[in-house]
Amino acid sequence: MLADSVLIIGAGRAGLSVAVALARAGWLVQLVARRAERRAEVTAWLDRCGVNLDVLAAPTLAKLVVLAVPDRSLAVAGQALVTADAVAPDAVWLHLSGAAPWHVLRVAGGASELAGMHPLAALPDPLDLDDANAALRPLRGATFAVAGTDRAAALARELVGVLGGRAVRVADDARSLYHAAAALAANDLVALLHVAEGAAIAAGLAPEDARVGLTHLMQTALDAVRRLPPDAPLRLGLTGAVARGDAATLARHMDALAAHDRTAALLHAELSSQLVDLVRDGGLGPAALAALDTVLAQVPGRPQ
Ligand SMILES: NC(=O)c1ccc[n+]([C@@H]2O[C@H](COP(=O)([O-])OP(=O)(O)OC[C@H]3O[C@@H](n4cnc5c(N)ncnc54)[C@H](OP(=O)(O)O)[C@@H]3O)[C@@H](O)[C@H]2O)c1
């Protein structure tokens with residue numbers, strides 16, 4: 001083991017989640033929360049959850065530092081460690097950003113061993129959760145994009161293992177595309193829910209019923225895909241009109257959505273055309289595929 005103590009800068013969603021996970025794994029964790037109010041709230045929550053870690057007002061000397069601050073503040077927070085004389089010889093600094101390259105942490109007088117370790121996970125504020133286990137869950141099994149100098153990246157991979165995740169490498173020049181993929185999968189899913197809720201409410205569901213019903217449906221749809229071996233075609237986990245080759249139902253959906261909201265109709269048409277591509281290489285015959293293609297080609301406003 002390369003380390004078992006860590007200083008985490010930033011007691012927000014990611015910093016506190018990682019802090020709790022490492023403390024639960026037996027690491028000595030010091031967590032910097034710069035605002036007194038947040039410090040008090042975090043300390044009270046940790047006490048309630050029985051998690052043992054130190055919440056500090058300012059950084060202290062540390063060999064391993066995780067900067068869990070917003071991307072725009074990474075260089076500033078690194079500089080603040082230098083100003084506070086909190087850079088140990090041989091220090092390793094890691095950040096959790098998906099968009100920022102690892103070398104954003106390079107500041108004069110700072111650590112020379114630097115890496116990024118971005119978890120592909122949506123981390124809520126642990127203070128909104130009932131117990132520490134709920135804060136650990138999103139990190140367990142998460143894939144982390146790790147890149148940096150040799151020793152820092154090795155340490156980051158070790159940390160990922162302790163957090164119950166898996167590490168992959170993402171080249172610096174592919175970082176924006178990698179992060180866009182993450183935004184598509186996570187943030188855009190919420191946008192999709194927003195559009196689906198609008199349609200369900202217009203169909204007469206109470207807003208609460210739309211939320212409960214559609215989030216359960218989304219979860220079960222994702223579960224069906226996650227149950228597949230990771231190299232299996234996605235179509236094997238797909239249900240619904242396209243998977244069944246049911247062009248008549250797809251046409252009715254398109255008509256109903258077009259009457260409700262043109263943007264929703266166009267969104268559904270684009271996504272359905274991706275699904276038709278998924279089923280093109282298996283499962284459906286040429287006549288069924290042609291019927292689906294015809295329905296989508298007739299949606300007004302779609303590029304031909
Ligand atoms: N949340 C997620 O789902 C998630 C997932 C993967 C990666 N990440 C990454 O994790 C990092 C932090 O994101 P987050 O979601 O945890 O943000 P957040 O909830 O807004 O927390 C950021 C924390 O950093 C503190 N902070 C800001 N500037 C600081 C500075 N100069 N010095 C010390 N502390 C400072 C903030 O304190 P104040 O309250 O005092 O401003 C706040 O506690 C980002 O790089 C993000 O990309 C987040």
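Contact here means heavy atoms within 4.5 Å. With that cut-off in hand, the predicted model can be read through two helix pairs and its nonpolar cores.

Take helix α7 (residues 187-202) and helix α8 (residues 207-226) to begin with: their axes sit 9 Å apart and meet at an angle of about 135°. Angles over 145 degrees would count as roughly antiparallel, so α7 ends up oblique to α8. The crossing of α7 over α8 is right-handed. On the α7 side, the contact is made by Leu189, Leu193, Ala196, Glu197, Ala200 and Ile201, and these meet Pro207, Ala210, Arg211, Leu214, Thr215, Met218 and Leu222 of α8. Sorted by class, that gives ten nonpolar residues, one polar and two charged.

Further along the chain, helix α10 (residues 247-260) packs against helix α11 (residues 262-280), with axes 6 Å apart and an angle of about 150°. That angle makes α10 roughly antiparallel to α11. Here Leu250, His253, Met254, Leu257, Ala258 and His260 from α10 face Arg262, Ala264, Ala265, His268, Ala269 and Ser272 from α11 in the contact. This one splits into seven nonpolar, four polar and one charged residue.

As for the interior, the largest nonpolar core has 47 residues, and Ile8, Val29, Leu94 and Met117 are the members touching the most others. Helix α1 (residues 13-24) supplies the largest share of this core, with seven residues. Setting aside neighbours within four places in sequence, Ile8 contacts Gly15, Val18, Ala19, Val29, Gln30, Leu31, Val32, Val66 and Ala68. Another core, of 22 residues, lies apart from the largest one and includes Ala62, Ala86, Ala88 and Leu105.

How values were computed: Residues numbered from 1 in each chain as written. Predicted model: local features only at pLDDT ≥ 70, side-chain atom pairs only at ≥ 80, totals over all residues. Heavy atoms only, no water. Core = buried A, V, L, I, M, F, W, Y, C linked by side-chain atoms within 4.5 Å. Buried < 20%, exposed > 50% of the residue type's maximum accessible area, 1.4 Å probe, protein only. Helix = DSSP H or I, 4+ residues; strand = E, 2+ residues; numbered from the N terminus. Axes fitted to C-alpha atoms, helices over the stretch in contact; angles between N-to-C directions. Parallel < 35°, antiparallel > 145°, perpendicular 65-115°, else oblique. Nonpolar A, V, L, I, M, F, W, Y, C, P; charged D, E, K, R; others polar. Left-handed = near helix turned anticlockwise from the far one by under 90°.
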